Every structure is written in structure tokens, then in C-alpha cells.
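Ready to practise reading a protein structure? Keep the sequence and the model side by side as you work through the exercises below.

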Amino acid sequence: EKNAAAYGQWSLKNFEIGRPLGRGKFGRVYVAREVKSKYIVALKVLFKEQIDKYRIHHQLRREMEIQSTLKHPNVLRLYGWFDDDDRIFLILEYAHGGELYGVLRERGHLTERESATYIASLANALAYCHSQDVIHRDIKPENLLLDHEGRLKIADFGWSVQSRSKRHTMCGTLDYLAPELVENKAHDYTVDNWTLGVLCYEFLYGAPPFEAAMQHDTFKRIVKVDLSFPPNPPVSKEAKDLISRLLVKDSAKRLSLKKLMDHPWIIKNADPKGACIQ
Ligand SMILES: CC(=O)N[C@H]1CCN(c2c(Cl)cnc3[nH]c(-c4cn(C)nc4C)nc23)C1
């Protein structure tokens, strides 16, 4: 198996498996260590019978092809994969800082500097994905991880692996979807610009802008762009200005990622190193 590893043909023998990080319909994710290099990775295990049952081969292959070609500091790397008789193993970058979602829930809301830093990192990552013709990365707080320096990593769990920490948002939430998506209309990469507005709002206020008890009410609030800014926590007018330029029904009128990077709130608050949660 020495040669096998040399040619990137991995097998379970190359890894020591650690604690589970998350689980879901299709499998689980574990911390793992590559035996020879001692390199820490996240190993996602998917069961073939589940993949057959839910007929997601094509989606899984597309996700794997996309994620293995994307190489950006704010996109979680997929290093490779291997399989055995009944499982497929994805070798993913391990984010030492865990889920941004957890920090957001713990803290209630983030500071303007933290929020602007993460929005700038996301805009950078999305501009890169769009340049590779990849759109609609399923960006919601669950899919945002932090590395050991607090730098953001988009981890796209297209096949919904939920983490161990209790989820507050039920799976398949509409909160982050643009009107044209929830109305099943044609959509382009500007759906991601809308989602940036939702995330920026949620970082600053601790809850997404169109949240409602029932999914149908969320749907109505999204299509109406029923946006309001509560008095607490106090948020700068520049931040509200940026959010209002992203949460625009007409997708052609949404602030572009390029213009977002030059927005006064981002210039003033974003940490150029992309990290600032201590
Ligand atoms: C959205 C989702 O399912 N996330 C789960 C599964 C994969 N995943 C990770 C993936 Cl895919 C990569 N790196 C991670 N690091 C962690 C993590 C680290 N700490 C200290 N706590 C956690 C949790 N998790 C991952 C976490």
C-alpha cells in the first residue's frame, strides 16, 4: 500500500480515525490522522446503500468534482477520496476552529469588525467560485467553518451532514434563499449576493432577516423583501446600507461582489488578514 499512497490511492489503512464531528442522512464526519504524515483531516464517510437509496450518485459526483477543483483560502479543500465495498470516504480539510454557527449562537451576535471580516472573506470566496462557474454554494451558518486562526472556510455539505451540536434551524430552511429560488424562477450567481445580505444581517443581529415560526411565513417575507432593522443591538447605518443593497428583489440590481469589497463599511471594518475572532 506504500506505492498506492504515493499515487494518491488512499485506503482506510492510511488513517487513524478520531472523534465524530457530524452525522447526517448519508453518513458521518470524523477527525482523522494520516498515519505517515500525521496530517489531520476530516474524513467524511458516506454509505453506498444510502447513496443508491436516495439516488444521489450524480449530485455527489458533481459536488466532489466541484469541490476538488476549487482551491481558495476560504473554501474547505477536498483532497481526495477512496471507497471500499459499502462506503465512500472523502478526505477533507480539517477546520480546527469548528463552526462559525456555534460562535454566533454562543455570542448572540458578532461585532461589526468580525461581521465585515467574514462577509469580505465570503465575497472573496464567492467571486472565486463564480470565476470557476460555480454558483449557489449552499452558504448558511452551518456550512461556515473556522480554521485555527479564525479564518472562514465555506464547507458545502450538499448532502446534508449535520454536525453534532444541536441544530436550531430545521434542515432545508428557506431563510438563506433568494426570492427567485423560493419562487422556483430562473436564477444566476447573484443568488449568492442575496445570501451574503442574509448572512450579514444574521451576523449583526443574531437571527436571519426573514425568520418566521412557519416556513410559509418565511417564504412570504422573502418574496416581499419584508426587511426591518430592530433598534437592538445598535448597528451602524453603513452596515444597514450594505444589507439593503444586497437584499434587493431584482437580482440585476443587487450590489456586485466587486462593489461590496469597496463598500465604506467593509473598507472601514474588515480585517484584511480575514481573521479576527480571538
Ligand atoms: C455542517 C457540518 O455538518 N459540519 C460538521 C460536519 C463536517 N464538519 C467539519 C469538517 Cl467537514 C471539517 N472540519 C471540521 N472541523 C470541525 C470542528 C472542529 N471543532 C473544534 N468542532 C467542530 C465541529 N467540524 C468540521 C463539521
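**Exercise 1. Count the disulfides, then look at Cys129.**

*Solution.* Start with the rule: a disulfide is a pair of cysteine sulfur atoms within 2.5 Å. By this rule the count is zero disulfides. Next, check Cys129: its nearest cysteine sulfur belongs to Cys200 and lies 19 Å away, and Cys129 is in no disulfide. Finally, see how enclosed the two residues are, where buried means under 20% relative accessible area, exposed over 50%, and partly exposed in between (1.4 Å probe, protein chains only). Cys129 is buried at 1%, and Cys200 is buried at 0%.

Before going on, a word about the source: this is a predicted model, in which local features need pLDDT of at least 70 and side-chain atom pairs count only at pLDDT 80 or more, while totals for chains, interfaces and linings use all residues. Residues are numbered from 1 along each chain as its sequence is written, and side-chain values use heavy atoms, leaving out hydrogens and water.

**Exercise 2. Find out which residues Leu122 touches.**

*Solution.* First, the core: a nonpolar core is a set of buried Ala, Val, Leu, Ile, Met, Phe, Trp, Tyr and Cys residues joined through side-chain atoms within 4.5 Å. The largest one has 54 residues, and Leu122 and Phe203 have the most contacts inside it. Now list the partners, taking contact as heavy atoms within 4.5 Å. Leaving aside residues up to four places away in sequence, Leu122 touches Ile139, Leu144, Leu152, Ile154, Leu196, Leu199 and Phe203. A second, separate core has 18 residues, including Val29 and Met64.

**Exercise 3. Describe the salt bridges of Arg87 and of Lys153.**

*Solution.* The rule asks for a side-chain nitrogen of Lys or Arg within 4 Å of a carboxyl oxygen of Asp or Glu. It gives 19 salt bridges.

- Step 1: Arg87 pairs with Asp84 at 2.8 Å, N to O.
- Step 2: Arg87 also meets Asp86, at 3.7 Å, N to O. Asp84, Asp86 and Arg87 are thus linked in a network of salt bridges.
- Step 3: Check exposure. Arg87 is partly exposed at 26%, Asp84 is partly exposed at 25%, and Asp86 is partly exposed at 44%.
- Step 4: Turn to Lys153, whose salt bridge with Glu93 has its closest N and O atoms 2.9 Å apart. This pair links distant parts of the chain, 60 residues apart. Lys153 is buried at 9%, and Glu93 is buried at 12%.

Definitions and conventions. Helix = DSSP H or I, 4+ residues; strand = E, 2+ residues; numbered from the N terminus.
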